[in-house]
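Please find below some notes for a colleague who has not seen this structure before. They go from the whole chain to its cores and then to one sheet.

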Amino acid sequence: MINWILEDGVFGCSMTPLANEIEKQGHNVKIVDYTRGITDYQHFFPKTECIIFYGSLHIAQQILSRNLSWIPGIIGTIENYCCTAYYPHLKPWLLNADGYILPLSELSSSAFDNPKLLLSLEESKRLFIRPNSPLKPFAGGLYSLEELTDLDSFMKRHYLEDPNILVIVAPEKPIEAEWRVIIAQGQILCASQYRQFGKPYYQSGMPEVVQRVAEAVAQQQWQPDPIWVLDLCCSNNLAYVLEINFLSCSALYQCDLSSVVREASNIAWKKWVECRRGGITSQNSFPG
């Protein structure tokens, strides 16, 4: 039996359908609910039992930084979801394969002096910028060169403290639609569209052009975890990898909850048994 901790009020939807599915499959579930004052998630279950957290990055970072002795706790080997870790493996399919990675301070001071960058920006005049870290100290988005030259203003706007955090920079590209795909054991588990022309749009499944890329990525040798999240998009009628995410902090949209709960629970249980046999008491570690 697996113990699930869900955080309500995240991802813009209720956790009730997911909680119902977890209980239907015979597992325990407790919900962190700030509106009702149910927040003592550290004591929901005995720390030696198999525990899965699913919710916000905020609580995920708390779990990681406090080194709670939960196995697995967070479903995701966090360091594998840094762009620097997965870009080399997924480069053939990446939307931003022509981008590059550098410290935010360097981008701010040198953007105007980069001929390759200026050439890429002749038409759009904007850059796509996102943090390297999967813990997302700020949300990725489109920025003009003028916005980037004022580093102090940029940092205050996004509540950043370190001017040297690594960021990914790429030319602006049109995106028609986006999909979330759950990969488990090298196979596509389920999928859901979640955006169309920049607006929320939810339906299960994905078109063939997107599925072909999803299958190619799922079947390649490198995998960040036994179960993980792949985001794809269509740009100019071609499918690309947008990013990857770890399961514990990824919205499921119209993905099949039954298969996600079943696979995640099985993987978590195997990890718990493996660690207990090996005498390991904690799987959580805060990445540097």
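1. Which radius of gyration does the chain have, and what would a compact globule with 288 residues have? The chain has 20 Å and such a globule would have a value near 19 Å, so the two agree. The radius is taken over C-alpha atoms, and the globule rule is 2.2 Å times the number of residues to the power 0.38. Along the principal axes, the C-alpha atoms fill a box of roughly 55 × 45 × 40 Å.

2. On the basis of these notes: this is a predicted model, in which local features need pLDDT of at least 70 and side-chain atom pairs count only at pLDDT 80 or more, while totals for chains, interfaces and linings use all residues. Residues are numbered from 1 along each chain as its sequence is written, and side-chain values use heavy atoms, with hydrogens and water left out.

3. The chain has 9 helices and 13 strands. These are DSSP runs numbered from the N terminus (helices: H or I, at least four residues; strands: E, at least two). Of the contacts (heavy atoms within 4.5 Å) between residues at least 6 apart in sequence, 67% join residues at least 24 apart.

4. Buried residues make up 49% of the 288 residues; buried means under 20% relative accessible area with a 1.4 Å probe, protein chains only. The chain exposes about 14000 Å², of which carbon and sulfur atoms supply 50%; the areas come from the Shrake-Rupley method with a 1.4 Å probe.

5. The largest nonpolar core has 44 residues, and Ile5, Tyr41 and Leu230 have the most contacts inside it. Such a core is a set of buried Ala, Val, Leu, Ile, Met, Phe, Trp, Tyr and Cys residues joined through side-chain atoms within 4.5 Å. Helix 8 gives the largest share, 5 residues. Elements that give two or more residues include helix 8 (208–219), strand 9 (177–184) and strand 12 (227–235). Among the residues that Leu230 touches, leaving aside those up to four places away in sequence, are Trp179, Ala214 and Val241.

6. A second, separate core has 30 residues, including Met15, Leu252, Ala264 and Val273.

7. In what order do the 4 strands of the open sheet lie? The order is 5-8-6-7, with antiparallel pairing; strands pair if DSSP finds at least two bridges between them. Strand 5 (100–103) and strand 7 (141–144) are the edges, each pairing on one side only. Strand 5 pairs with strand 8 (residues 166–171) over 4 bridges, and Ile101 stands opposite Ile168 in strand 8.

Conventions: Buried < 20%, exposed > 50% of the residue type's maximum accessible area, 1.4 Å probe, protein only.
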